Amino acid sequence: MQPKKKAHEAFFRSILKNEGKCWPEFYRYVKRRKGSKENIPAIKDCNVQPIIDPIDKANSFNFYYSSVFSREGKIQYIQCANKGEPFNIDTKIIRKRVTAIGKNKSIGADGISGEILKLGGEALIPYLARLLDITMNNGNLPADGKRAIVVPVHKRGDRSFVTNYRPISLTSVVCKQMEHVIASYLRQVWDKNDWLYEGQHGFRPGYSCESQVITVCQDIADSMDNGDRIDAVVIDLSKAFDLVSHDRLLMKIAITDVDSRVVAWVREFLWAARRESEQEGIYQRKLE
């Protein structure tokens with residue numbers, strides 16, 4: 001028996017031995033093997049007739065996704081008061097990020113796969129560090145790093161309404177590694193200067209939804225023990241990230257004692273995203 005066939009049989013046995021609890025895992029495996037072949041159905045728009053043509057569907061998605069972005073003017077050039085905490089490229093972080101890349105990571109518009117980066121291994125790290133250094137000093141990004149392939153994924157409700165689809169952006173894998181390095185630098189500076197609110201549990205190492213739930217439950221329990229009144233306000237902000245003002249975001253980053261080059265890099269990244277969505281409309285969508 002071939003090794004691959006043996007591995008499949010061993011995997012099936014490991015799943016099916018959990019009697020009564022095996023079927024969810026089994027069907028997840030079947031779904032992975034089949035792949036996603038679901039086509040987007042006819043789209044209901046303002047038109048009387050449903051939209052069937054793939055290009056017209058793409059235009060409908062493009063119009064909707066572009067319409068929900070924040071439009072609070074142009075992104076201004078923001079000058080930092082001082083140079084701030086120097087940004088130094090840490091090859092250890094780049095090495096860690098390259099190691100963590102999944103071989104099946106979706107490919108962005110530049111056509112460079114995560115598997116290529118992993119195969120390059122240690123020999124590729126100095127080149128990635130050099131590329132980041134060039135973009136940081138020039139305050140500009142490669143053209144391929146500014147483009148994205150946007151895939152609409154059904155989220156809920158009627159599949160014929162574009163509002164029920166969530167856009168997934170497939171960006172450059174190389175650019176993503178740069179983003180992680182810069183995000184790590186920002187977290188270090190903000191943690192050092194105590195800029196982050198202690199109740200912020202999202203997007204922070206060592207914090208999670210679970211830690212937030214535990215904190216809330218503990219606060220409620222303490223209030224009940226003290227006989228205090230408890231009021232709860234739950235807010236669900238629709239399209240919260242899309243509606244964030246880029247100008248205000250950059251201003252907040254600029255006053256947190258970070259390297260001015262980082263502010264310029266983030267500005268270019270955000271401006272590129274807005275320029276792509278508003279002017280060129282290059283969002284490419286895998287509709288079929």
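Phe-203 sits in the loop that joins H7 to helix H8 (209-226). The model is a predicted one, and this loop is a convenient place to enter it. Phe-203 has a positive phi of about 60°, although it is not a glycine. Is Phe-203 buried or exposed? Its relative accessibility is 71%, so Phe-203 counts as exposed, the cut-off being over 50%.

The loop between H7 and H8 also holds Leu-196. With a relative accessible area of 24%, Leu-196 is partly exposed. Which residues does Leu-196 touch, leaving aside its neighbours within four places in sequence? They are Trp-190, Asp-191 and Arg-204. Of these, Trp-190 and Asp-191 fall in the range of helix H7 (173-192).

A positive phi is also found at Asp-257, again about 60° and again in a residue that is not a glycine. Asp-257 belongs to the loop between helix H9 (246-254) and helix H10 (260-280). Its relative accessibility is 31%, so Asp-257 counts as partly exposed.

These loops are part of a chain with 10 helices and two strands. In what order do the helices and strands follow one another along the sequence? The pattern reads α-α-α-α-α-α-β-β-α-α-α-α. The protein chain has 288 residues, and buried residues make up 32% of them. Among the contacts with a separation of 6 or more, 68% are between residues 24 or more positions apart.

One helix can be followed in more detail. Helix H4 covers residues 91-100. Its buried residues are Ile-93, Ile-94 and Val-98. Seen down the axis of H4, these buried residues fall within an arc of 135°, so they line one face of the helix. A general point about helices helps here: an α-helix has 3.6 residues a turn, so residues three or four places apart point the same way. On the other side of H4, the exposed residues are Lys-92, Lys-96, Thr-99 and Ala-100. What covers the buried residues of H4? The cover includes helix H5 (114-120), H6 and H7.

The packing of H4 against H6 can be described further. Two packed helices are described by the angle between their axes and the distance between the axes. For H4 and helix H6 (residues 125-138), the axes come within 10 Å and cross at roughly 115°. The crossing of H4 and H6 is right-handed. H4 contributes Thr-91, Ile-94, Arg-95 and Val-98 to the contact, while H6 contributes Ile-125, Leu-128 and Ala-129. What kinds of residue make up this contact? Five are nonpolar, one is polar and one is charged. Two of the H4 residues in the contact, Ile-94 and Val-98, are also among the buried residues of that helix.

The cysteines come last. How many disulfides are there in the model? The count is zero, where a disulfide would need a pair of cysteine sulfur atoms within 2.5 Å. The surroundings of two cysteines can still be described. Cys-175 has a relative accessible area of 4%, so Cys-175 is buried, the cut-off being under 20%. Cys-217, in contrast, has a relative accessible area of 46% and is partly exposed.

Definitions and conventions
Residues are numbered from 1 along each chain as its sequence is written. This is a predicted model: local features need pLDDT of at least 70, side-chain atom pairs count only at pLDDT 80 or more; totals for chains, interfaces and linings use all residues. Side-chain values use heavy atoms; hydrogens and water are left out. Buried means under 20% relative accessible area, exposed over 50%, partly exposed in between (1.4 Å probe, protein chains only). Axes are lines fitted to C-alpha atoms, for helices over the stretch in contact, and angles run from 0 to 180 degrees between N-to-C directions. Helices (H or I, at least four residues) and strands (E, at least two) are DSSP runs, numbered from the N terminus. A crossing is left-handed if the near helix is turned anticlockwise from the far one by less than a right angle, and right-handed if clockwise. Contact means heavy atoms within 4.5 Å. Ala, Val, Leu, Ile, Met, Phe, Trp, Tyr, Cys and Pro count as nonpolar, Asp, Glu, Lys and Arg as charged, and the others, Gly among them, as polar. The arc is that of the directions from the helix axis to the C-beta atoms.
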